Amino acid sequence: MHDVAKRAGVSAKTVSRVFNDDPHVTEETRRRVKSAIQDLKYVPNMLARTFRQGRPTVIGIAVPDVADPFFAAVAKEIEMAARERDMAIVVTSLGDDPSLERSIIETTLRQQVGALIIAPIAADQSYLSHLQDNLPIVFIDRAPMKLSADYFVEDDFGGGFDATRHLIGHGHRRIAFVADSTDIPTTRLRLEGYRAAHAQEGIETDEAIIALGSRNADAAAQASLDLLGLQNPPTAIFSSNSRFSVGVFPALRSVNRSDIALVSFGDFPMAAVLQPSVSVIDQNPKHVGRVAAERAFARIANPARRYRRKNVLPVQLIERESCRSGQLFPVPLDGPGSLAVVRGGAGVVP
């Protein structure tokens with residue numbers, strides 16, 4: 001900054017005023033400073049500004065997988081909210097190994113973040129307790145364990161219940177559940193909702209079509225195909241998250257099983273324009289990101305103010321075509337450009 005000031009023939013304080021868009025700086029002075037900045041390729045030290053001004057400039061975000069459609073949309077909305085306040089974000093993936101959460105978070109915090117928004121994967125976040133007096137921490141998607149903190153979660157039980165009841169309403173009695181692990185709170189609650197919907201309708205839950213253990217979309221796709229190979233296969237699949245759904249849908253299509261209904265917990269790109277379009281439980285990730293960011297900013301501005309810790313956000317069933325039986329898939333035939341229609345997944349060309 002002093003080099004810029006010397007080149008522009010002004011004080012360092014004037015350079016700072018130009019950066020902060022101080023209206024009292026004359027246009028001629030502003031022009032000279034900006035020219036000097038460009039000539040010297042100067043970039044301000046944001047960390048130094050944070051310490052000097054006492055105002056945080058970076059929000060830390062930690063989620064299981066930044067490539068997951070849900071968490072990607074959440075992070076994007078937090079970024080938009082941060083940008084409105086002249087702040088930036090730093091995003092990290094926690095992965096699926098709970099033992100690594102603490103070390104990854106501690107590395108993220110070395111970036112001198114002004115607040116942390118986290119979707120945890122471990123069963124204990126008490127390691128963050130000593131930071132709470134000086135660092136706003138907001139949890140999303142999953143409630144903190146062994147720590148009292150702000151958190152925003154979706155109605156996972158209600159969404160699991162509504163998705164399953166919807167499929168039952170379409171006449172399905174053998175509804176598979178494809179998921180990762182019940183060690184994950186969101187999965188556990190969605191499975192509880194799935195079971196509750198069966199119980200309400202007097203339908204016995206068949207454990208043989210509850211497929212747990214998938215770790216990615218490919219594994220969820222294979223689990224779905226394995227279910228279809230059972231002697232008494234399901235007629236519908238409830239995919240526990242959008243990341244798995246992007247594997248389940250093409251797996252069904254690869255074997256022409258358009259007769260298998262599908263509901264995804266979580267919307268995903270192209271879900272509305274696929275053939276058939278995919279019914280989803282919409283988590284509204286933009287809303288999750290926005291309310292989490294607003295709470296972090298509120299905590300920064302008013303650290304002593306009391307806020308409601310637990311916040312459960314509603315989810316919504318968006319009905320499309322995939323929950324109805326007998327959908328149509330276009331299937332390529334021999335020869336360029338030829339198409340036929342396969343009905344009910346039977347693979348018979350009319």
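**Aromatic pairs, helix H6 and a six-stranded sheet**

Colleague: Starting with Phe 70, is that one buried or exposed?

Modeller: Phe 70 counts as buried because its relative accessibility is 6%, where buried means under 20% relative accessible area, exposed over 50% and partly exposed in between, with a 1.4 Å probe and protein chains only. This is a predicted model, in which local features need pLDDT of at least 70 and side-chain atom pairs count only at pLDDT 80 or more, while totals for chains, interfaces and linings use all residues. Residues are numbered from 1 along each chain as its sequence is written, and side-chain values use heavy atoms, with hydrogens and water left out.

Colleague: And how many aromatic pairs are there?

Modeller: Rings of Phe, Tyr and Trp (its six-membered ring) pair if their centres lie within 6.5 Å, and planes under 30 degrees apart count as stacked, over 60 as edge-to-face and the rest as tilted. By this rule there are four aromatic pairs. One of them joins Phe 70 and Phe 71, whose ring centres are 5.1 Å apart with planes at 70°, so this pair is edge-to-face. Phe 71 is buried too, at 5% relative accessibility.

Colleague: What about Phe 238 and Phe 265, how do those rings sit?

Modeller: Their centres are 6.5 Å apart and their planes stand at 35°, so that pair is tilted. Phe 238 belongs to strand E8 (residues 236–239) and Phe 265 to strand E9 (residues 261–265), so the pair ties together parts that are 27 residues apart in sequence; strands here are DSSP runs (E, at least two residues) and helices are runs of H or I, at least four residues, numbered from the N terminus. Phe 238 is buried at 0% relative accessibility, and Phe 265 is buried at 0%.

Colleague: Which residues form a cluster with them?

Modeller: Phe 177 and Tyr 194 form one aromatic cluster with Phe 238 and Phe 265.

Colleague: Changing topic, which strands make up the open sheet?

Modeller: The open sheet has six strands in the order E7-E6-E8-E9-E10-E12, with mixed pairing, where two strands pair if DSSP finds at least two bridges between them. Its edge strands, each pairing on one side only, are E7 (210–211) and E12 (316–318). Strand E6 (residues 175–178) runs parallel to E8 over four bridges, and Ile 175 stands opposite Ala 236 in E8.

Colleague: Last one, which residues of helix H6 are buried?

Modeller: In H6 (residues 101–109), the buried residues are Glu 101, Ile 104, Ile 105, Thr 108 and Leu 109.
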